[in-house]
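Colleague: I am new to this structure and would like to go through it with you in questions and answers. Could we begin once it is in front of us?

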Amino acid sequence: MRRRTADREAGAGVWPLGLPRTGSWTLVGLTEAVSVLGLVAVFSGLVGLGDDNGDALAFTTAGVVLTLVGFRGRRRVFRPPGPTPHSVITGTGILWGAMIGLVASVYLATGTIVRLDNAVVEAAAGLTTTAVTALPVPEVSRAVLVWRAGTSWVGGLAAIVVSIVVLPQVLRGTALPVFATRERWLELVPNYATGQRRVAALYGGFTLACILAYLGSGLSPTDALVHGLSTASTGGFSTNPDSFAAYGTGPRAVATGAMIVAGAGLFLMWGVFRGRARCLWRSQELRLYFAILVGATVILVTGGDGLGIADALFTVVSIASTTGFATREWTTFGSAAVGALLVTAGVGSMLSSAGGGIRVLRARLLMAYGRRELRRQLDPHAVVVTRHDDQPLDDRTLDQLGGFSVAHLTVVGCGALLLAGAGMSVPSGVWSAVSAVSTLGPAPEAVGAFGHLEGVTRPARLLLVVLMLAGRVPILSLLASIGFVLRFNRSTGRRARRLSRSLRRMLQQRRLDREPRISPDG
Amino acid sequence: MHVIVVGAGEVGSYVAHRLSREGHDIALVDLDTDRLLDMGGELDVLTVTGSGTHPSTLELAGVDRSELMVAVTSDDEVNLVASLIAKQRGVERSIVRIEAPELRGKEAAKLLKVFGADLVIDPDQETAHEILELLEYPGASEVAVMAHGEVIVIGVRLSEQAPLVGRSLSEVAAEHEPDWEFLVGSITRGDQTIIPRGDHRLLADDLVRVVCERRARNRVSKLLGLSRGMPHRVLLLGGGRTAEILARSLAHRGVEVVMVERNPARARQLAEVLNDALVLEGEITDAKLLEEADISRFDVVAALTGEDDANILACLYAKSGGAGETIAVVHRLALLSLLGEAGVDVVLSPRTATANGVLRFVRGDVAAVATFLLGETEVLELEIGPESWADDTLVSELGLPKDVLIGAVVRDGKARIARGRSRLRGRDHVVAFAMPGSVDEVSRLFG
């Protein structure tokens with residue numbers, strides 16, 4: 001038995017067709033994602049029973065098929081030892097693209113959406129946890145609402161696992177991204193398996209807490225479920241077209257608190273879980289996160305738009321955590337308020353959150369980076385060390401940060417230009433690009449505070465998909481996966497040529513072997 | 001007493017010099033034959049070439065009849081092993097130089113006990129401590145703190161404007177009757193150092209060492225023409241351990257610290273560990289760098305590298321550039337007397353601070369010792385033993401040699417400047433100025 005397990009892990013087993021099992025991190029991730037999405041679809045279908053049984057059956061069926069395919073597929077692939085940075089970075093991009101295709105297929109197969117572009121937009125919005133929708137929310141069934149929120153929940157989980165478990169583990173020792181202190185990261189993610197388990201437990205536990213809190217605040221079970229999934233994942237999907245404008249102070253207060261935690265991320269949850277909440281206050285990232293929340297709230301309250309503190313805080317928290325719930329049409333506020341919200345959206349959530357944006361930590365380090373460069377200009381001999389949580393950062397980390405920021409801003413800038421070219425006004429294009437890359441969603445004018453895409457042209461919608469993907473998938477992964485696709489054709493050709501050469505040599509050898517040999521004595 | 005000194009570097013050779021002059025039998029061990037030849041020519045010591053970690057080398061140095069091992073190479077491990085071998089061969093006491101912070105403190109105490117280290121010394125730390133004491137008295141050339149800080153010995157070169165210049169000591173004393181708060185303990189004029197008497201007249205450029213009570217230090221500083229208080233801005237040239245320790249202490253006291261270090265990796269390391277200090281990367285003799293650092297705004301510039309030439313040159317540049325006080329650490333003392341005239345305000349050597357610790361340990365019955373780079377005077381802090389005949393005796397009746405002067409008496413933690421009419425008691429601490437030849441006699445007197 002042990003021997004068979006070892007053989008299976010080592011890839012010694014064979015397909016029914018005689019092909020060997022495949023060792024691939026990308027395929028492992030993909031089959032696991034398919035399984036989870038299948039289970040979510042089954043769950044959506046079951047929840048939808050009694051509302052629209054046609055939808056419920058369709059989702060249940062689709063879910064069963066996906067689950068079976070996922071589980072069967074998972075048995076045919078195994079994790080090869082020692083994933084390389086290249087394979088993980090490339091795999092992440094491919095995985096995300098495949099998941100979007102899969103979710104879009106479910107939308108099309110169940111008949112929820114009939115147009116391919118809308119299905120892709122909806123799938124991308126869900127998986128990237130961006131609060132925009134092409135669906136007419138009041139008309140869709142319960143199963144669709146839960147499925148939509150479920151996709152954002154899966155997308156949020158995948159984002160966290162990739163960004164705080166997989167990438168740092170793989171890049172450990174080469175270019176460990178800065179999350180918090182290295183000790184705190186190692187405490188949460190000592191190794192791949194434990195880290196994944198802890199992240200899933202924290203994320204799942206937080207989701208459950210959100211759902212229960214919403215139930216306690218008076219929401220219906222379906223509303224609580226959908227909002228709970230959307231809050232934990234910072235997806236921002238609501239069961240109402242007017243989002244939280246339809247609810248009273250109780251659900252809003254729960255949402256505000258839950259969004260603050262969701263935006264703060266898993267390190268906060270882990271610290272609280274381990275009873276070290278006081279130590280967390282030493283985190284410069286957390287302090288800046290709260291400073292941004294307070295600062296933006298003050299600007300909104302004093303901005304002359306007649307906003308109360310609770311409403312202002314809700315709006316700021318929703319945007320800072322890149323969730324995208326709304327209680328007011330904030331896009332028509334005064335320019336100071338909208339400007340403050342644009343900066344808040346651009347900065348986004350903390351690094352261990354499912355939210356998006358350039359992230360609070362990177363924003364802080366960028367300021368430090370700017371200070372360092374300014375200091376170097378003023379005093380060329382000065383040795384300036386940038387610190388995070390009292391730990392010095394090496395120049396390589398800061399250079400990586402600089403590279404990331406340039407890539408991020410380039411994507412936003414190009415996105416804004418292209419969106420303007422696709423029919424949006426320039427301010428709306430800029431806002432929409434920032435919002436999409438930060439996986440927020442809502443933006444002034446075309447999209448609005450409630451994230452409806454009816455007024456957005458088809459090219460602009462597809463551009464938004466690309467921008468959402470760029471915001472969710474690490475930019476490095478996106479570029480690497482594009483490079484992989486381009487290289488694939490070249491390498492396939494090379495392999496084919498090598499194979500034909502080998503075959504020719506083999507045949508030639510056989511011919512030689514068959515020829516009668518002449519003995520030395522004649 | 002037979003003493004083995006392992007390491008003939010700056011510290012080791014100075015310790016050997018001081019101990020041999022006191023009549024001890026010294027064996028100096030080092031790997032560098034040339035250096036030992038030089039030392040052998042200068043000092044009355046036995047030189048042994050070899051490693052202090054080799055029992056055979058130590059045998060040649062006479063480890064079996066030795067009473068004290070002084071292991072002061074710049075390598076902690078060598079010092080520890082030398083101490084261990086010495087202890088195993090029956091040497092009673094051992095002094096070990098340790099630089100690694102990990103081998104100091106409470107955690108390392110057990111380890112050091114295993115290696116038989118009775119006294120741990122760190123020249124870098126001692127030097128940093130000495131500079132810190134000096135910085136509290138800007139303008140002073142030497143500062144020694146005795147009797148748990150109750151008595152302070154300040155050495156200062158008198159400027160022409162100093163209120164004491166041109167007056168005899170009896171005139172100064174008469175002015176401060178009935179309670180003296182300070183006493184001039186020694187005067188170095190040119191190459192000659194004396195223990196002064198009442199008729200000695202103070203002249204400009206005299207290096208005087210004054211003992212004073214802690215509470216009177218501000219008034220005495222003023223009288224000596226010194227300003228008081230820590231400087232606000234300090235420039236440290238060189239990024240060695242001394243500079244690092246100093247920068248940490250100064251930054252802790254709120255002083256703005258700027259450091260210059262030429263090694264990029266070390267500069268980066270310093271910038272990482274010193275949160276509140278600005279580290280500049282470059283040569284300390286780079287005039288452009290010093291100009292860019294705006295050298296004139298610094299109250300103190302301390303050159304602490306291992307290169308005397310660079311230290312002196314940088315201090316001269318700093319002085320000409322308008323910096324406040326300049327402090328140079330020097331290792332070769334040949335040009336010592338010229339540095340003051342050239343514009344270096346204070347000259348320090350790691351050897352003196354270290355030697356003070358060693359001498360105190362060797363003498364055993366001395367609570368503290370202060371020796372100085374210029375002049376041979378020593379300041380000793382001694383406790384009057386309960387059986388000493390000095391108990392219940394007036395200072396004037398002690399019959400002290402001419403080159404000994406009682407400066408202060410500390411009773412129950414309170415210091416008083418000693419007068420002829422002061423009566424000594426058992427367990428009093430006495431701070432005395434003495435020339436090296438009278439040190440033993442003084443020790444016997446109070447022991």
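Modeller: Before we start, two strands are said to pair if DSSP finds at least two bridges between them. Please keep in mind that this is a predicted model.

Colleague: In which sense do strand E3 of chain A and E14(B) pair?

Modeller: Strand E3 of chain A covers residues 382–383, and two bridges join this strand to E14(B). Within that pairing, A:Val383 has B:Val279 of E14(B) as its bridge partner. The sense in which E3 of chain A and E14(B) run is antiparallel.

Colleague: How many residues of chain B are in contact with chain A?

Modeller: On the side of chain A, six residues take part in the contact. On the side of chain B, the elements that give two or more residues are helix H10 (264–273), strand E14 (277–281) and helix H11 (287–292). The residues on this side of chain B divide into six nonpolar, one polar and four charged. The number of residues of chain B in contact with chain A is 11.

Colleague: Which strands stand at the edges of the sheet that contains E3(A) and E14(B)?

Modeller: This is an open sheet of seven strands with mixed pairing, in the order E3(A)-E14(B)-E13(B)-E12(B)-E15(B)-E16(B)-E17(B). An edge strand here pairs on one side only, and the strands for which this holds are E3 of chain A and strand E17 (346–348) of chain B.

Colleague: Over how many bridges do E13(B) and E14(B) pair, and which helices pack on the sheet?

Modeller: E13(B) and E14(B) pair in the parallel sense over five bridges, and B:Val258 stands opposite B:Leu278 in E14(B). Helix H6 (residues 123–135) of chain B packs on the sheet by touching strand E15 (300–303), strand E16 (325–329) and E17 of chain B, with its direction at about 160° to that of E17(B). The other contact to describe is with strand E12 (233–237), E13 and E14 of chain B, where the packing helix makes about 165° with the direction of E13(B), and that helix is H9(B).

Colleague: Why do the buried residues of H10(B) line one face of the helix, and within what arc do they fall?

Modeller: The buried residues in H10(B) are B:Ala267, B:Leu270 and B:Ala271. What covers them includes E3 of chain A, together with helix H9 (241–252), strand E13 (256–261) and E14 of chain B. Seen down the axis of H10(B), these buried residues line one face because they fall within an arc of 100°.

Colleague: Which strands of the open sheet of five strands in chain B are left without a neighbour on one side?

Modeller: The order of this sheet in chain B is E7-E8-E11-E9-E10, with antiparallel pairing, and the twist averages 15° from one strand to the next. Strand E9 (residues 182–189) pairs with E10(B) over three bridges, and B:Thr188 stands opposite B:Thr193 in E10(B). Each edge strand has a single partner strand, so one side is left without a neighbour in the sheet, and these strands are E7 (142–146) and E10 (192–194) of chain B.

Colleague: How many residues of strand E19 of chain B are buried?

Modeller: E19(B) pairs in the antiparallel sense with strand E24 (residues 429–434) of chain B over six bridges, and B:Glu381 stands opposite B:Val431 in E24(B). Strand E19, residues 378–383, is mostly covered, and of its six residues the number buried is five.

Colleague: Is A:Val412 buried or exposed?

Modeller: A:Val412 lies in helix H17 (residues 395–421) of chain A. Leaving aside neighbours within four places in sequence, A:Val412 is in contact with A:Ala433, A:Val434 and A:Val437. Since a residue is buried if 20 or more other C-beta atoms lie within 10 Å of its own, and A:Val412 has 22 C-beta neighbours inside 10 Å, A:Val412 counts as buried.

Colleague: And A:Asn191, is that residue buried or exposed?

Modeller: A:Asn191 is found in the loop between helix H7 (182–188) and helix H8 (192–216) of chain A. A residue is exposed if 12 or fewer other C-beta atoms lie within 10 Å of its own. With 10 such atoms within 10 Å, A:Asn191 is exposed.

Technical notes. Residues numbered from 1 in each chain as written. Chains lettered and ligands numbered in written order. Predicted model: local features only at pLDDT ≥ 70, side-chain atom pairs only at ≥ 80, totals over all residues. Contact = placed C-beta atoms within 7 Å. Helix = DSSP H or I, 4+ residues; strand = E, 2+ residues; numbered from the N terminus. Nonpolar A, V, L, I, M, F, W, Y, C, P; charged D, E, K, R; others polar. Axes fitted to C-alpha atoms, helices over the stretch in contact; angles between N-to-C directions. Arc of directions from axis to C-beta.
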